Amino acid sequence: MPDWLYSDTVKDHFTNPRNVLLDDESSFPADARGQTGNIKCGDQMLMLLRIKNDVIVDVRWKTYGCASAIASTSMLSEIIKGMNIRDAYTVRPEDLVEKLGGLPDYKIHCSVLGDKALRTAIDDYLEKTGRAGMLKETAAEICRCLGITDKDIENAYHNGARTWEQLQQATKIGTVCGGCKEKALELLHEFTHIYG
Ligand code: FES
């Protein structure tokens with residue numbers, strides 16, 4: 001049998017995931033709820049947050065994603081406890097990958113699910129507390145199906161994505177209806193002009 005492609009930290013979080021929602025949603029009354037992914041792609045993520053004075057005090061999550069999605073969301077759930085929502089909003093998949101001791105390249109896109117669900121949950125909380133879009137205004141949504149923003153594309157560019165395939169590998173963009181491809185490629189082109 002070939003060696004595992006995953007670090008010990010990934011294995012630990014995969015086999016013993018933290019803060020998983022074991023029962024149905026009613027078992028964890030939450031202040032915020034975020035769901036992302038598309039069942040057509042075979043992956044979905046639900047994140048529930050308890051928030052006090054804008055600080056995340058507890059979290060539960062559930063996914064139908066793969067080992068990488070499970071390990072990275074488990075890590076994310078540990079990192080964000082005790083974090084202000086503004087800081088939590090800026091946590092990015094690459095922060096999780098680093099803390100996990102790396103993921104195989106073709107698996108990095110799996111780590112975006114938890115991060116997306118987290119931001120959707122924080123947006124939900126802001127809406128409930130009369131501050132809709134307070135953090136979102138810094139990012140424009142490019143892919144409606146997966147909630148991928150211009151910031152995510154910019155981030156992927158900084159991490160080396162230069163082609164549509166590389167952008168998809170980094171973010172999963174365009175893997176549902178594909179309607180965002182043109183706009184996303186325009187942005188990629190724009191970033192090449194700005195930073196290239
Ligand atoms: S808008 Fe549907 S996949 Fe991006």
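This report describes the fold, the cores and some single residues of one protein chain.

The structure is a predicted model, in which local features need pLDDT of at least 70 and side-chain atom pairs count only at pLDDT 80 or more, while totals for chains, interfaces and linings use all residues. Residues are numbered from 1 along each chain as its sequence is written.

**Overall fold**

The protein has eight helices and five strands. Helices (H or I, at least four residues) and strands (E, at least two) are DSSP runs, numbered from the N terminus. Their order from the N terminus is α-β-β-β-α-α-α-α-β-β-α-α-α. The radius of gyration is 16 Å, close to the 16 Å that the globule rule gives for 196 residues, so the protein is as compact as a globular protein of that length. This radius is taken over C-alpha atoms, and the globule rule is 2.2 Å times the number of residues to the power 0.38. The C-alpha trace spans about 55 × 45 × 30 Å along its principal axes.

Of the 196 residues, 38% count as buried. A residue is buried if 20 or more other C-beta atoms lie within 10 Å of its own, exposed if 12 or fewer, and partly exposed in between, with C-beta atoms placed from the backbone. Two residues are in contact if their C-beta atoms, placed from the backbone, lie within 7 Å. Among contacts with a separation of 6 or more, 60% come from residues 24 or more positions apart.

**The cores**

A nonpolar core is a set of buried Ala, Val, Leu, Ile, Met, Phe, Trp, Tyr and Cys residues joined through C-beta atoms within 7 Å. The largest such core has 31 residues, of which Met47, Leu49, Leu118, Ala121 and Ile122 touch the most other members. Among the elements that give two or more residues to this core are strand 2 (43-52), strand 3 (55-63), helix 2 (67-80) and helix 5 (112-128). Helix 5 gives the most, with seven residues. Another core, of 14 residues, lies apart from this one and includes Cys143, Ile153, Ala170 and Cys180.

**Helices 2, 5 and 6**

The axes of helix 2 and helix 5 come within 8 Å and cross at roughly 40 degrees. Axes are lines fitted to C-alpha atoms, for helices over the stretch in contact, and angles run from 0 to 180 degrees between N-to-C directions. The two helices are therefore oblique to each other. Angles under 35 degrees count as roughly parallel, over 145 as roughly antiparallel, 65 to 115 as roughly perpendicular and the rest as oblique. In helix 2, Ala69, Ser72, Thr73, Leu76 and Ile80 meet Leu113, Gly114, Asp115 and Leu118 of helix 5.

In helix 6 (residues 150-158), the buried residues are Asp152, Ile153, Ala156 and Tyr157. Seen down the axis of helix 6, they fall within an arc of 145 degrees, so they line one face of the helix. The arc is that of the directions from the helix axis to the C-beta atoms. Their cover includes strand 4 (141-143), strand 5 (148-149), helix 7 (164-171) and helix 8 (181-195).

**Positive phi angles**

The table lists three residues with a positive phi.

| Residue | Place | Phi |
|---|---|---|
| Asn19 | loop between helix 1 (8-15) and strand 1 (32-38) | near 60 degrees |
| Asp54 | loop between strand 2 and strand 3 | about 70 degrees |
| Gly160 | just after helix 6 | about 110 degrees |

Asn19 is partly exposed, with 18 other C-beta atoms within 10 Å. Asp54 is also partly exposed, with 16 other C-beta atoms within 10 Å.
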